[in-house]
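Student: I am new to this one and would like to go through it with you. Could we talk about what the words used to describe it rest on?

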Protein chains: 2
Amino acid sequence: MDARGIPVVVMGLGEIGRAIARAVIARPDLELVGAVDSGASLAGRPLGELLGVPAPALKIAADPKAAFAAAKGGVLLLATASTLDAVRPDLERAVRAGLSVVSTCEELAYPWLRHEEAADALDALCEQRNVAVLGTGANPGFVLDRLAAVLGHATGPVRHVRGLRVVDASKRRAALLRKIGAGLDEDAFHEAAERGEVGHVGLAESAALAATGLGLGVDEVDEELAPLVAEEDARGGPVPVRRGQVAGFTQVARVFAEEREVVRLELTIAVDADDPRDEVELDADPPLRLVVPGGIPGDAATAAAVVNAAAAVTELRGLVTVLDLPAGR
Amino acid sequence: MDARGIPVVVMGLGEIGRAIARAVIARPDLELVGAVDSGASLAGRPLGELLGVPAPALKIAADPKAAFAAAKGGVLLLATASTLDAVRPDLERAVRAGLSVVSTCEELAYPWLRHEEAADALDALCEQRNVAVLGTGANPGFVLDRLAAVLGHATGPVRHVRGLRVVDASKRRAALLRKIGAGLDEDAFHEAAERGEVGHVGLAESAALAATGLGLGVDEVDEELAPLVAEEDARGGPVPVRRGQVAGFTQVARVFAEEREVVRLELTIAVDADDPRDEVELDADPPLRLVVPGGIPGDAATAAAVVNAAAAVTELRGLVTVLDLPAGR
């Protein structure tokens, strides 16, 4: 790292991208040299105006070309989309420009699961350009996968992993409430699920990561999504939910190896969900269980996980996962 | 790793060393090629007889020379003593023989704290011989330091770390009960503390590790030890503890940086201690708290942490800490 810090570009200035940009500005070891968003309403605006904090004198660019050139040898922090197909052109462009990348893209947390060929190609491109690409966040990337893998260092061989995350959506932003189907009737929920409009992207990736991190195989991964119906009118929240309407969902991802279940992750996100928390339980010798009362706040922890990985990713090579990150900062 | 696995020597065949040896035998990626203990009662005995499980046909050696030669390029798992001075000759001998080392030695978890010069010399020797040396276990090495550092990946800058470990000593082995002063009167406890016979080695090391792993400074570390007096006769345990006698202790280690406390770790080990558990709490944005109900079992987790680090340490160079270990196995 030179005296000015690792050069960083932030791309995608939605809620999480803005939190990432603010955190980068606050870190002495990172230097924000570019801010990119393709949205017509943002391009050309001063970054500081958007962030509401003192910021470098940068204008938001619609095209990343100049920012990538300014950050060669540094890192792109990419917070635009959930699917690998959607972020792949930007990943490749950044890697070709000589930047490592840390992204919130959920599928990128374990891209071999759904996109083995594309992942292998991206890995080869990273090696060729001597940079690394990493997908992380709170979920996937931390709560139900990385923490589980780390916990496994204190046990013998792991027979089964159970992960549970319960999120009370009442205090979350409206975008999340749309993704959980709050206020829909059950039929509309199932239709929205068919169209891929409700549900959480990344739970299966977390399950595969946890299995890999704990030395378990990944022969097969399945996923199920079921609506949770409100038993009474919701106490609050930005979207009204009446008794009988959908308050959210429970999603389950399972990994099978050698014809038995080795990982089961259960994610509940609902308005007024009881006892929000994160739990990881390892069936092993000794058995271990870890609880985060209240649960790790998704958006803030995602921004932190991305920024905390920025320096570490410059020390790695290839398409990597959170399992490759060291424990220390 | 070749088809036979990484060659491993286990040295120190007390309770934990035997658990380490059993775990090595059970792992397909490790191959136990030597077992060493300087105790006169063990030397020459068949290892399998001591372990009570099917084991390679090895006799326990008093001198490590032949075992080190057989394991060149592999790993020594060393479970003999708590202080760096005590393990240093064996560490150096192993490193000179071309072995990496993972040890339960508590001071080795963060040897720069009490032995900066010796640590630097050991680091240089490791680099010269192209191997790595690591100290780990449950405490220090996992519960109050590594887990804290990992948790910090999901938050912004950390202002303060609080760690708490409460161990009910009733079900622990007699050696631990002697170390906690169970059954002594208060005066005898303080005298034993003066002689270094009671108390836990490694809490200050954990505190310094946690600070380092979370990007906090380590200007000063202090430690305090206070007896806990039984308010009623103990319900059970291998040593009788009557009302008014010492049931155990509370030990506190603190790290200061820029003239304020940045880490406070509190360890209580006592017969019939209430609500045994581990807790880590980070004062940060977002604030995060993690609980292990019941607490991580010390001996079993120490053996597991050592064995789980065996393969990873062969990928590292120099005198390293658990903060350098990746999340995945």
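Tutor: What follows is a conversation about a predicted model, taking up its interface, its rings, a helix and a few loops.

Student: Let's start with the two chains. How many residues does the contact take from each chain?

Tutor: The contact takes 37 residues from chain A and 37 residues from chain B. Together the two chains bury about 3,100 Å², and 65% of that is on carbon and sulfur atoms. On the side of chain A, A:His153, A:Ala327 and A:Arg329 lose the most area to chain B, together 25% of what that side buries.

Student: What makes up the polar side of this interface, in terms of salt bridges and polar contacts?

Tutor: A salt bridge needs a side-chain nitrogen of Lys or Arg within 4 Å of a carboxyl oxygen of Asp or Glu, and across this interface the rule finds zero. Polar contacts do occur: the count between chain A and chain B is 19 residue pairs.

Student: Which elements of chain A supply residues to that side?

Tutor: Helix 6 (146-151), strand 11 (288-293) and helix 10 (298-308) of chain A each supply at least two residues. Strand 11 gives the most, with six residues. By class, the side of chain A that touches chain B has 26 nonpolar, seven polar and four charged residues.

Student: Now the rings. How many aromatic pairs does a search of the whole structure find?

Tutor: The search finds two over all chains. One of them is A:Tyr110 with A:Trp112, at 5.6 Å centre to centre and 65 degrees between the planes.

Student: Why is the pair of B:Tyr110 and B:Trp112 called edge-to-face?

Tutor: Ring centres have to lie within 6.5 Å to pair, and planes over 60 degrees apart count as edge-to-face. The centres of B:Tyr110 and B:Trp112 are 5.6 Å apart and their planes stand at 65 degrees, so the pair is edge-to-face.

Student: Is A:Tyr110 buried or exposed, and how do you know?

Tutor: Buried means under 20% relative accessible area. A:Tyr110 has 15%, so it counts as buried.

Student: What makes A:Trp112 partly exposed?

Tutor: Partly exposed covers the range between under 20% and over 50%. A:Trp112 has a relative accessible area of 22%, so it is partly exposed. In chain B, B:Tyr110 counts as buried at 14%, while B:Trp112 counts as partly exposed at 23%.

Student: Why is helix 10 of chain A called largely enclosed?

Tutor: Because 10 of its 11 residues are buried, helix 10 of chain A is largely enclosed by the rest of the structure. Among the buried residues are A:Gly298, A:Asp299, A:Val306 and A:Asn308. What covers them includes helix 1 (15-26), strand 2 (30-36), strand 6 (160-168) and helix 11 (310-313) of chain A.

Student: After helix 11, where does A:Thr314 lie, and what does its side chain reach?

Tutor: A:Thr314 lies in the loop between helix 11 and strand 12 (318-320) of chain A. Its side chain reaches the backbone oxygen of A:Ala311 at 2.6 Å, and the cut-off for a polar contact is 3.5 Å. Leaving aside neighbours within four places in sequence, A:Thr314 is in contact with A:Ile6, A:Val75 and A:Ser100.

Student: How do you know that B:Asp29 is buried?

Tutor: B:Asp29 has a relative accessible area of 18%, so it is buried by the under 20% rule. B:Asp29 lies in the loop between helix 1 (15-26) and strand 2 (30-36) of chain B. The side chain of B:Asp29 makes a polar contact with the side chain of B:Arg27 at 2.9 Å.

Student: And what makes B:Leu58 buried?

Tutor: Its relative accessible area is 18%, so B:Leu58 is buried. B:Leu58 sits in the loop between helix 2 (47-51) and helix 3 (65-70) of chain B. Beyond residues up to four places away in sequence, B:Leu58 touches several others, including B:Leu32, B:Val33 and B:Pro46.

Student: Last one: which residue is joined to A:Pro140 by a cis peptide bond?

Tutor: A:Asn139 is joined to A:Pro140 that way, with omega about 10 degrees. A:Pro140 is found in the loop between strand 5 (132-135) and helix 6 of chain A. Another cis peptide bond joins A:Asp285 and A:Pro286, with omega about -10 degrees.

Notes: Residues are numbered from 1 along each chain as its sequence is written. Chains are lettered from A and ligands numbered from 1 in the order in which they are written. This is a predicted model: local features need pLDDT of at least 70, side-chain atom pairs count only at pLDDT 80 or more; totals for chains, interfaces and linings use all residues. Side-chain values use heavy atoms; hydrogens and water are left out. Contact means heavy atoms within 4.5 Å. Buried area is the accessible area (1.4 Å probe) that two parts lose on being put together, summed over both. A polar contact is a pair of N or O atoms within 3.5 Å; within protein, one must be able to donate a hydrogen and the other to accept it, and residues adjacent in sequence count only if both atoms are side-chain atoms. Helices (H or I, at least four residues) and strands (E, at least two) are DSSP runs, numbered from the N terminus. Ala, Val, Leu, Ile, Met, Phe, Trp, Tyr, Cys and Pro count as nonpolar, Asp, Glu, Lys and Arg as charged, and the others, Gly among them, as polar. Rings of Phe, Tyr and Trp (its six-membered ring) pair if their centres lie within 6.5 Å; planes under 30 degrees apart count as stacked, over 60 as edge-to-face and the rest as tilted. Buried means under 20% relative accessible area, exposed over 50%, partly exposed in between (1.4 Å probe, protein chains only).
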